[in-house]
Amino acid sequence: MGLHFSFQFYELPLQHPFTISRYTVTVQKTAIVCISDGIHFGYGEATVNPYYHSTQERLTESFINIQSIVEAASGLHPEEFWNTIEPILKDDYFALCAVDMAYWDLYARKSNKTLRSYWSGEHEPTPLTSYTIGIDSIEKMQQKIIEKPWPIYKIKLGTTNDIEIVESLRKITDSVIRIDANCAWNAGQTIENSKILKDLNVEFIEQPLKADNIVGMKKVKSESHLPVIADESCQREGDVLRCSKLFHGVNIKLMKCGGITPALRMIQIAKENSLLLMAGCMTESTVGISGLVQIASLLDYLDADGALLLSQDIASGASFNFGKIIYPNAFGIGVKLYTK
């Protein structure tokens, strides 16, 4: 019996306008795909993201192009399935991620297994997730922290008063602070800031320089007072080895690398090269987050707060208790879509 493939777009309103160094978002558009054998249903997600050329039109075209191949893929192992569809979706890794995740979810549900059980024990320890504070006035950033007590905060920077922001936030919280500059700094700034930020008990800096600034990152890696983690510089599998010479760790995002299948390979390469391992999200709903946390036990750090930033979600699944992952008592990724 063949499979059935479908997709639907949603608009996810955020609790607060979410600003990084490049843009502000108030509503996150996202696509949910479903692959079914008529009995079991597997779900995956791809967000709309202008920086990565992920648009509703492009995702729609990709899903239509892949539909007949997905529906004929019953029985394939997920790795074989990914290798089959990647050549068709090689220009749209966000769509590839959604389809790969949905197929893995279906595959695990059909076997009455949780997805994470394919590569780790059910009760392996997992890192706590950070909670992201977007760029805003210092007062509003402080208010967001007061509203959401959390063990780890990721602070978005890229302003004219970055150090003042962190100093002000440190006055109101003893929680772990991580910094994400989203390519907004230069090498000299990063090295100087790292010294001050270390004294403010910051854990690491994520992607301080533009992704193509190789010379700058070599200097930063050798002189920074804090570990530096690649994000925009580490999008796909082939980037991990190059980043090992420029960063202390990598942040793997499922949508950028094309799903769970390549993420598992990237984790292996990173471990072989003694890199710190982090995985992050793209402000997706509980669907995408539930898929992401399946790899959490393989990581050093986790940034899986996408659904926590929403004022309205579309599914139940993995949730968090003060940073700790609470896995649903269900097979696959454990997602259940809310009925309208």
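What follows is a conversation between a first-year student and an author about the structure shown above.

Reader: Before we start, what kind of model is this, and how are the residues numbered?

Author: This is a predicted model, in which local features need pLDDT of at least 70 and side-chain atom pairs count only at pLDDT 80 or more, while totals for chains, interfaces and linings use all residues. Residues are numbered from 1 along each chain as its sequence is written, and side-chain values use heavy atoms, with hydrogens and water left out.

Reader: Okay, which residues touch the most other members of the largest nonpolar core?

Author: Those are Ile155, Ile179 and Leu197, in a core of 112 residues. A nonpolar core here is a set of buried Ala, Val, Leu, Ile, Met, Phe, Trp, Tyr and Cys residues joined through side-chain atoms within 4.5 Å, and buried means under 20% relative accessible area, with exposed being over 50% and partly exposed in between, using a 1.4 Å probe and protein chains only.

Reader: And which helix gives the largest share of this core?

Author: Helix α3, residues 93-110, supplies the largest share, with 13 residues. Helices (H or I, at least four residues) and strands (E, at least two) are DSSP runs, numbered from the N terminus.

Reader: Going back to Leu197, what is it in contact with?

Author: If we leave aside the neighbours within four places in sequence, Leu197 is in contact with Ile163, Val166, Ile179, Trp185, Val202, Ile205 and Leu226, where contact means heavy atoms within 4.5 Å.

Reader: Ile163 and Val166 are in α5, right, so which residues of α5 are buried?

Author: The buried residues in α5 are Asp162, Ile163, Ile165, Val166, Ser168, Leu169 and Arg170. Because 7 of the 9 residues of this helix, which spans 162-170, are buried, α5 is largely enclosed by the rest of the structure.

Reader: What covers them?

Author: The cover over the buried residues of α5 includes the helices α4 (138-147) and α6 (187-199), together with the strands β5 (152-156), β6 (176-180) and β7 (202-206).

Reader: Let's talk about strands, then: in what order do the 8 strands of the open sheet come?

Author: The order is β4-β5-β6-β7-β8-β9-β10-β11, and the pairing is parallel; two strands pair if DSSP finds at least two bridges between them. The edge strands, each pairing on one side only, are β4 (131-133) and β11 (301-302).

Reader: How many bridges join β4 to β5, and how many join β6 to β7?

Author: There are 3 bridges between β4 and β5, with Thr132 having Lys154 in β5 as its bridge partner. Another 3 bridges join β6 to β7, and there Ile179 has Ile205 in β7 as its partner.

Reader: Are the two faces of β5 buried or exposed?

Author: Both faces are covered, since Ile152, Lys154 and Lys156 on one side and Tyr153 and Ile155 on the other are all buried. With 5 of the 5 residues buried, β5 is therefore largely enclosed by the rest of the structure.

Reader: New topic: which strands form a hairpin with 4 residues between them?

Author: That is the hairpin of β2 and β3, and in its turn Gly38 has a positive phi of about 95°. Strand β2 (residues 24-36) pairs with β3 in the antiparallel sense over 7 bridges, and Ala31 stands opposite Ala46 in β3. Since 6 of the 7 residues of β3 (residues 41-47) are buried, this strand is largely enclosed by the rest of the structure.

Reader: Which residue in the loop between β6 and α6 could you tell me about?

Author: Asn182 is found there, and its phi is near 45°, a positive value in a residue other than glycine. Asn182 counts as buried because its relative accessibility is 3%.

Reader: Last one: at what angle do α3 and α10 pack?

Author: They pack at an angle of about 95°, with their axes 8 Å apart, so α3 is roughly perpendicular to α10. Axes are lines fitted to C-alpha atoms, for helices over the stretch in contact, and angles run from 0 to 180 degrees between N-to-C directions; angles under 35 degrees count as roughly parallel, over 145 as roughly antiparallel, 65 to 115 as roughly perpendicular and the rest as oblique.

Reader: Which residues meet there?

Author: Asp100, Met101 and Trp104 in α3 meet Ile260, Thr261 and Leu264 in α10.
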